[in-house]
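Student: Before we discuss this structure, may I see the sequence and the model? I should like to test each descriptive term against its definition.

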Amino acid sequence: MTDGFATRAIHAGQTPDPVTGSIVPPIHQTSTFLQDGVGNLREGYEYGRSGNPTRTALEVQVAALELGAHASAFASGLAAEDALLRAVLAPGDRVVLGDDAYGGTHRLLARIHVPAGIVLDTVDLTDEAAVTEAFSTPVQLLWLETPTNPLMKIVDIEALAARAHAAGATVVVDNTFASPALQQPLTLGADVVVHSATKYLGGHSDVIGGVVVTSDDRIAEQVAFLQFAAGAVLAPMEAFLLTRGIKTLAVRMRQHSANATAIAEQLLAHPSIERVFYPGLPDHPGHEVAARQMRGFGGMVSVAVRGGRAEALRLAEGTRLFSLAESLGGVESLIGHPDSMTHASVRGTPLAVPENVVRFSVGIEELDDLQADIAEALDRI
Ligand SMILES: *Cc1c(COP(=O)(O)O)cnc(C)c1O
C-alpha cells in the first residue's frame, strides 16, 4: 500500500544514514566519490554532476509526491524546462502553450527553441473553439499550467490530456502553482510534470531549483542524460533545502489555501476591487473543475483594481506584511504587479497581463494580520 501524501513528503527518499544513524540523511557536499578500484563504486556515485546522494534523496521524494516513476532535479525551474524541451522536441515540432503561461516559459520557447526550429502557438486552453482549432493541425507537445499565472485560469487536465493524446502529443503540466499537495497531474493523464521548486516545494524563499517528473521511461532517460551531459544540475545544499522544505508541504498548502480563501472573499467585498481571480470562489469559471482536480485552491490570488495602473501600483507598493517582490510560494506573503515585474517580458504578446492586475502570494502568517494589512493598503489607494 502506498503511504499517504504527508507521510511520503516526510519519508520518501529520506532513509536514515546507515553508518551513523543520523535521522536526517547527511548533505553530501562533495564533487567526487572514492573508487575502491578502477570503476569499483560504492553506491554507484562517481562524480557530482552525474549523481549525488542528496540530489537523489530529493528526486525520490518529489517523484513519490507526484506519483511518478522518475525525477531529475535541476539548478532552476527554467533549466528543468529547457532539458525537458530538448528531450522531447525535434526541429519542426509544434508546441501548443497555454496563453497565460509563466512569462519565462514563453521566453524560453520563443527566444531559444523557436530559433532552433520549434513552432510555437499560444492558445487560450479554456476556450473550446481555440482548443479545437489548435488540435486541428499536427502538434507534438501540449504545455499547460493550472491554475495559471497570474489570472488563475483553470484547465481541465484530464480532458485536455485526452485530446492531446488523441492528436499524438506529449502532455506537460507545470505544477508549480498547485504543488503535488493539491494536484497530481500524472494521475490525470499528463505525461510529464515540471516544477519551479523555488516556489511551493521549497516554500521558504531561500533556494532556486527545478524538477522534471515522469513515469515515461524514455523521456526520463533523455532528461537524465541532458542533466548529466548539459550539466544544469541542482547543487547538494539546494537539494537539502528543498528536501527539508518539502517535509512541511502538506501542512503549508492547507494553511496557504485557507488564508487565500479568506483574503479572496475580503477582496471581493472591497469597492476598490473590480474583480478577484481565485478558483476557490464559486463564481470563478473554473471552480467546478478546480474542485474536482485539486484538493484545495492554493495560495495565489490576483485582483483587477478599479482605476488603472496607478491604483494597482499604489496597492502593490502600499502593504507592510506583503513584501513587494517577484516569486511566490514561500511562507511569507508577497505582492507584485505582474505587468511591470514577472510578466514584463510578455508585454505586447498574447500573454500580456492587464496593467490594473495585482498578484498576491498569500503566506501562512496570522490571517488577521494579513487582512488588516490589505485593508489598510486598500484604504490608501
Ligand atoms: C518561477 C516559475 C518558473 C521558473 O522557475 P525558476 O525556478 O525561476 O527558473 C516556471 N513556472 C512557473 C509557474 C513559475 O512560477
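**Terms and their criteria**

Tutor: Helix H2 lies across S1, S6 and S7 and runs at about 130° to S1. The model is predicted, so local features need pLDDT of at least 70 and side-chain atom pairs count only at pLDDT 80 or more, while totals for chains, interfaces and linings use all residues. Residues are numbered from 1 along each chain as its sequence is written, and side-chain values use heavy atoms, with hydrogens and water left out.

Student: What does the angle of about 130° between H2 and S1 refer to?

Tutor: Axes are lines fitted to C-alpha atoms, for helices over the stretch in contact (heavy atoms within 4.5 Å). Angles run from 0 to 180 degrees between N-to-C directions. Helices (H or I, at least four residues) and strands (E, at least two) are DSSP runs, numbered from the N terminus.

Student: What makes S1 and S3 edge strands?

Tutor: Two strands pair if DSSP finds at least two bridges between them. Strand S1 (70-74) and strand S3 (119-123) each pair on one side only. They belong to an open sheet of seven strands in the order S1-S7-S6-S5-S4-S2-S3, with mixed pairing. From one strand to the next, the twist averages 20°.

Student: How do you know that S6 and S7 pair?

Tutor: Strand S6 (residues 192-196) and strand S7 (residues 210-214) share five bridges, in the antiparallel sense, and the criterion is at least two. Val193 stands opposite Val213 in S7.

Student: Why is the pair of Phe33 and Tyr45 called tilted?

Tutor: Rings of Phe, Tyr and Trp (its six-membered ring) pair if their centres lie within 6.5 Å; planes under 30 degrees apart count as stacked, over 60 as edge-to-face and the rest as tilted. The centres of Phe33 and Tyr45 are 5.6 Å apart and the planes stand at 35°, so the pair is tilted.

Student: Which term describes the pair of Phe322 and Phe360?

Tutor: With 5.5 Å centre to centre and 85° between the planes, Phe322 and Phe360 are edge-to-face.

Student: Why is Phe322 called buried?

Tutor: Buried means under 20% relative accessible area, exposed over 50%, partly exposed in between (1.4 Å probe, protein chains only). Phe322 has a relative accessible area of 1%, so Phe322 is buried. Phe360, at 0%, is therefore buried as well.

Student: How do you know that Asp174 makes a polar contact with the ligand?

Tutor: A polar contact is a pair of N or O atoms within 3.5 Å. A nitrogen atom of the ligand is 2.7 Å from an N or O atom in the side chain of Asp174, so the criterion is met.

Technical notes: A polar contact is a pair of N or O atoms within 3.5 Å; within protein, one must be able to donate a hydrogen and the other to accept it, and residues adjacent in sequence count only if both atoms are side-chain atoms.
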